[in-house]
Amino acid sequence: MSAPLPKRIIKETERLQNEPVPGISAEPHEENARYFDVWVDGPDGSCYEGGKFNLELFLPDDYPMCPPRIRFLTRIYHPNIDRLGRICLDVLKNNWSPALQIRTILLSIQALLGAPNPEDPLNEAVAKQWKENQPEAIKTAREWTQLYAQKK
Amino acid sequence: MDSDIEDFNSVASSDGFVEDGGSSFGGDDSDVQIDDDFGDDAAFETQEKDLKAKKKHFEVDFSVYSPQDIQDQQDKQVDEVAGLLEQPKESTAILLRYFRWNKERLIEQYMDNQEEVLSKAGLGQDMTTSPPRIEIKDDFMCDICCEDGPGLETFAMKCEHRFCTDCYRQYLAQKIKEEGEAARIKCPGDGCNSIVDSKSLDLMVTPDLTDRYHELLMRTYVDDKESLKWCPAPNCVYAVECGVKKRDLNRIVPTVTCDAKHGFCFGCTLADHQPCPCSLVKKWLKKCEDDSETANWISANTKECPKCGSTIEKNGGCNHMTCRKCRNEFCWMCMGLWSEHGTSWYNCNRYEEKSGTEARDSQAKSRQSLERYLHYYNRYANHEQSAKLDKDIFHKTEKKMTLLQSSSNMSWIEVQFLESASKALQQCRQTLKWTYAFAYYLARNNQTEIFEDNQKDLEMAVENLSEMFEKQPDQLAGLKVQMMDKTAYCNQRHIILLDDTAKNLKEENWQFNTTLS
């Protein structure tokens with residue numbers, strides 16, 4: 001029913017599987033090669049360390065002219081990620097370039113976990129806590145990581 | 001950082017323009033031969049001219065430009081500056097757009113620090129040497145589509161971010177067609193700030209896109225200049241230049257007319273709303289639409305950019321907003337400047353609570369004044385409705401005039417009084433309508449009585465004329481002189497009312513029961 005997969009997506013998928021990025025995995029679904037099941041490890045030294053975060057990634061028809069759609073499925077306590085798992089990241093919006101790839105985007109997301117930016121909040125409650133009482137916020141983020149971000 | 005702008009003004013205002021051109025029975029461009037032996041009509045025409053000759057308080061100076069005029073203006077400026085900076089025209093155009101056509105500032109900063117200006121505007125150094133061209137490179141793989149076959153055509157600007165021409169074209173098409181970008185399309189390379197110049201663009205895209213691109217460039221030129229505005233009438237191609245500034249709008253209602261005879265307000269691009277100043281019009285319309293679903297949706301889902309007033313829908317993302325039109329960066333919650341706001345963003349919480357109570361207070365107040373409001377609203381709506389009915393009659397006028405010509409042996413030129421009457425009715429009702437919105441916000445003082453008298457006189461004159469206008473064609477012939485008198489009287493009362501209100505507005509003699517924002 002769907003059009004043949006563009007070469008770009010085939011190559012990207014191959015490379016993701018043959019030369020995986022450490023701490024990141026992205027598997028296309030069998031029935032839909034544009035839909036990926038993504039796992040990202042919390043970066044070492046961050047409050048998400050030790051967590052394995054599940055995301056869903058979808059490549060829309062006009063990919064790579066348009067950015068992929070990505071959302072956290074695992075609950076996460078982070079000022080730039082809201083309760084529905086949506087992510088506030090410039091490269092997923094205004095600063096998307098068709099030369100970017102799934103792998104670079106996932107790396108950016110991993111970097112965002114390592115460097116939360118409460119100045120540009122998406123989840124205001126979390127960002128407020130982050131600014132007013134950072135140690136408490138980091139503690140909560142750790143607890144949530146233990147609670148929700150463990151691969152069975 | 002995401003914002004979507006819908007210019008609701010320009011969409012919503014397509015209705016209600018007083019169009020007095022284009023009619024088949026005697027617009028300015030009609031090629032009907034006029035015989036010499038109708039002395040009274042000639043006299044009537046000169047009378048109309050006399051009225052226009054002297055500048056009234058409610059008139060403003062403006063000029064109308066066709067798309068070609070605007071293109072010429074741009075070309076002229078580009079030529080001038082290109083010579084000065086010794087840059088090719090394409091680069092100069094990018095520089096000028098970057099500086100929003102402020103030549104002086106561009107030249108000053110360019111002379112100060114050429115390299116910085118060039119890179120900030122998205123131009124690498126050395127645009128002067130080779131023209132853009134499509135090349136075939138060995139061992140090339142396009143980073144966008146991953147094609148790597150031999151003989152693949154590729155393109156890159158000076159920044160050397162090279163992609164295959166198919167992808168480049170698709171990217172440009174996406175930007176131009178879907179996103180409506182033109183002046184600020186960046187190189188598709190990740191993180192590259194180079195702006196795609198018009199020469200590269202002409203080389204890369206199909207002619208239909210080139211047309212759209214140049215149209216968009218023209219739009220940005222007009223949008224970038226405070227003294228230029230597009231005629232808001234649907235499909236109208238003209239732009240109007242007017243020196244009235246935003247800060248003058250509380251003292252003047254700048255009504256202008258494009259060459260296609262669309263009258264509109266230069267301040268807010270709504271249909272002519274004299275004598276009511278723009279800010280009151282805005283308030284009034286908001287108030288009137290309080291119940292409509294659209295108004296509810298707009299107020300629930302959109303805010304206005306605090307700098308340029310564009311209506312913005314936040315469709316996702318964080319509170320850091322960047323207005324797509326004026327590039328103003330602000331906080332969605334408190335609407336304050338983002339730069340001033342950096343570390344204390346959470347003050348916004350408090351702000352929202354406060355504005356919440358304010359909203360509730362104002363609701364209670366509006367209920368108290370509901371009765372007063374309805375008095376004015378009913379009269380406002382009545383004139384709007386009557387103007388529509390008059391317009392229907394206007395469309396039937398031609399038929400009436402033909403009938404009149406056959407039933408009473410009058411010639412074509414002799415029945416022109418009907419068209420004049422119809423025109424007068426439209427214009428007067430448009431003004432009367434807005435006098436009620438104006439009156440609603442007016443606080444009583446000595447001036448208001450004169451205003452109300454003027455309003456009453458015009459209203460009576462208009463109603464009289466309107467009544468005559470509805471008569472059967474066989475009766476109309478006998479009413480000719482009376483109707484011509486009444487038309488002239490309406491026009492005269494119209495001018496008196498407009499002149500009085502405009503003069504007092506200019507001299508700040510009106511007191512309003514609300515603040516003019």
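How many salt bridges are there between chain B and chain A? In this predicted model, the count comes to three. One of them pairs Lys7(A) with Asp148(B), and here the closest N and O atoms sit 3.5 Å apart. Polar contacts join in too: six residue pairs across the interface of chain B and chain A, both partners at pLDDT 80 or more, meet the rule. On the side of chain B that touches chain A, helix 7 (residues 165-178) chips in the most, with four residues. That side of chain B is a mix, splitting into 14 nonpolar, 10 polar and five charged residues. Taken as a whole, the contact draws 29 residues from chain B and 24 residues from chain A. Together the two chains bury about 2300 Å², with 55% of that on carbon and sulfur atoms.

Turning to the interior, the largest nonpolar core counts 39 residues, and Trp284(B), Phe438(B) and Phe512(B) have the most contacts inside it. Several elements of chain B each supply at least two residues of this core: strand 7 (239-242), strand 9 (263-265), helix 10 (278-288), helix 13 (370-408) and helix 14 (416-441). Helix 14 of chain B gives the most, with seven residues.

Trp284(B) keeps plenty of aromatic company: leaving aside residues up to four places away in sequence, it touches Tyr373(B), Tyr376(B), Tyr377(B), Tyr380(B), Trp434(B), Tyr440(B) and Tyr441(B), along with Ala437(B). Apart from this core lies another, made up of 37 residues, including Val21(A), Val40(A), Ile105(A) and Leu112(A). As a general backdrop, nonpolar side chains in soluble globular proteins tend to be buried together.

Methods. Residues are numbered from 1 along each chain as its sequence is written. Chains are lettered from A and ligands numbered from 1 in the order in which they are written. This is a predicted model: local features need pLDDT of at least 70, side-chain atom pairs count only at pLDDT 80 or more; totals for chains, interfaces and linings use all residues. Side-chain values use heavy atoms; hydrogens and water are left out. A nonpolar core is a set of buried Ala, Val, Leu, Ile, Met, Phe, Trp, Tyr and Cys residues joined through side-chain atoms within 4.5 Å. Buried means under 20% relative accessible area, exposed over 50%, partly exposed in between (1.4 Å probe, protein chains only). Contact means heavy atoms within 4.5 Å. Buried area is the accessible area (1.4 Å probe) that two parts lose on being put together, summed over both. A salt bridge is a side-chain nitrogen of Lys or Arg within 4 Å of a carboxyl oxygen of Asp or Glu. A polar contact is a pair of N or O atoms within 3.5 Å; within protein, one must be able to donate a hydrogen and the other to accept it, and residues adjacent in sequence count only if both atoms are side-chain atoms. Ala, Val, Leu, Ile, Met, Phe, Trp, Tyr, Cys and Pro count as nonpolar, Asp, Glu, Lys and Arg as charged, and the others, Gly among them, as polar.
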